[in-house]
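Let's take a walk through this structure together. We will begin with the overall fold and finish at a bound ligand.

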Amino acid sequence: MEKKNLDWANLGFGYVQTEKRYVSVYKDGKWDNGTLTEDATVTLNECAGVFQYAQTVFEGLKAYTTEDGHIVTFRPDLNAARMVESAKRLEMPPLPEAQFIDSINQVVKANAAYVPPYGSGATLYIRPYMMGTNPVIGVKPADEYMYRVFVTPVGPYFKGGAKPITIKISDFDRAAPNGTGHIKAGLNYAMSLHAIVTAHEEGYAENMYLDAATRTKVEETGGANFIFITKDGKMVTPKSDSILPSITRRSLMYVAEHYLGMTVEHREVYKDELKDFAEAGLCGTAAVVSPVGKIVDHGTEICFPSGMDEMGPVTKKLYDTLTGIQMGRIEAPEGWIHTIC
Ligand code: PLP
Ligand code: COI
């Protein structure tokens, strides 16, 4: 199969239309078998549940070309399970996990020419999503739904790739206690847009959100969880019911403990502790592991000893091990890598 002639090394994190996408429809109480289509346009009634009351959830995962030339995905079973949880919270019919995995396999295979080559620095981002499609005007869940999957080749989420970023502590809240912060609902991202535009205007790459109830604890950014490294080499990562249970973070916790022999603490992290950490980073499918060099808290700068030039040494080890597993250079734990072709 011949690859598309794209400038892989210079891709940003953007949308490039590829050839095939997957569509399945839920009607009369069941999901149909789903099919691939070339039609990238969705036409819906003006009163569809997704337009009126934002009834939509999504996932994000990637396909990688491994060192030995296979195309693989990373722990797609966890995305399937998380999408079920997201759907249930928004009163949507969960997509069977086997259908989720099959849809990913089909779309990736059909767009194999767009999967960036090994060593190019780019990957194929996979976006499954589901929405309420029939008209609803009283506030209630839709009866009919559409599930789709498209793919797009992407480069680094943050400009500059592995360069440490500066973030600010936001005055906006991302998620409420007992709200929807723990699921991947479009509404969480809609309400973060003003905060991210504000942060960008002020020259920051991202926001650090605090817990909405006390504003003393670290939660996450708009699109990634946090990891911190203590001066004695432990990995610390925030625990909260209102952050997204990142698959990358859960994988890094395992990698830190079982591959790198580190102590891992998954616990509440207080804003007041930030100044004591040696390294900080963001983790997620899009962010991979992105170093944070500086956090600004209303004019007070918290600068990590790892500096603004490169990733901290422990963060780098985590990054190298995780991406090594994803690209087939390092043996993966059982069940982490799904070979598509
Ligand atoms: N937190 C938020 C709010 C996200 O949108 C994402 C992206 O999926 C993550 C964390 C990272 O999760 P994952 O590692 O499963 O991609
Ligand atoms: C992902 O990492 O898959 C996400 O959905 C985060 C988003 C900000 C792109």
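What follows describes the chain as a whole and then the surroundings of one ligand.

This is a predicted model, in which local features need pLDDT of at least 70, side-chain atom pairs count only at pLDDT 80 or more, and totals for chains, interfaces and linings use all residues. Residues are numbered from 1 along each chain as its sequence is written, chains are lettered from A and ligands numbered from 1 in the order in which they are written, and side-chain values use heavy atoms, with hydrogens and water left out.

The chain has seven helices and 17 strands (DSSP runs, H or I of at least four residues for helices and E of at least two for strands). Its C-alpha trace spans about 55 × 50 × 35 Å along the principal axes. Of its 341 residues, 53% are buried, meaning under 20% relative accessible area with a 1.4 Å probe and protein chains only.

Now turn to ligand 2. Its surroundings, residues with a heavy atom within 4 Å, are Phe13, Phe58, Gly60, Tyr125, Arg127, Tyr157, Lys184, Gly223, Thr285 and Ala286. Which of these place a polar atom 2.6 Å from a ligand oxygen? Tyr125 does so with a polar side-chain atom, and Lys184 with a side-chain N or O atom. Ala286 instead uses a backbone N or O atom, 2.8 Å from an oxygen of ligand 2. The protein covers 89% of the 280 Å² of accessible area that ligand 2 has on its own (Shrake-Rupley method, 1.4 Å probe).

Terms used: A polar contact is a pair of N or O atoms within 3.5 Å; within protein, one must be able to donate a hydrogen and the other to accept it, and residues adjacent in sequence count only if both atoms are side-chain atoms. Buried means under 20% relative accessible area, exposed over 50%, partly exposed in between (1.4 Å probe, protein chains only).
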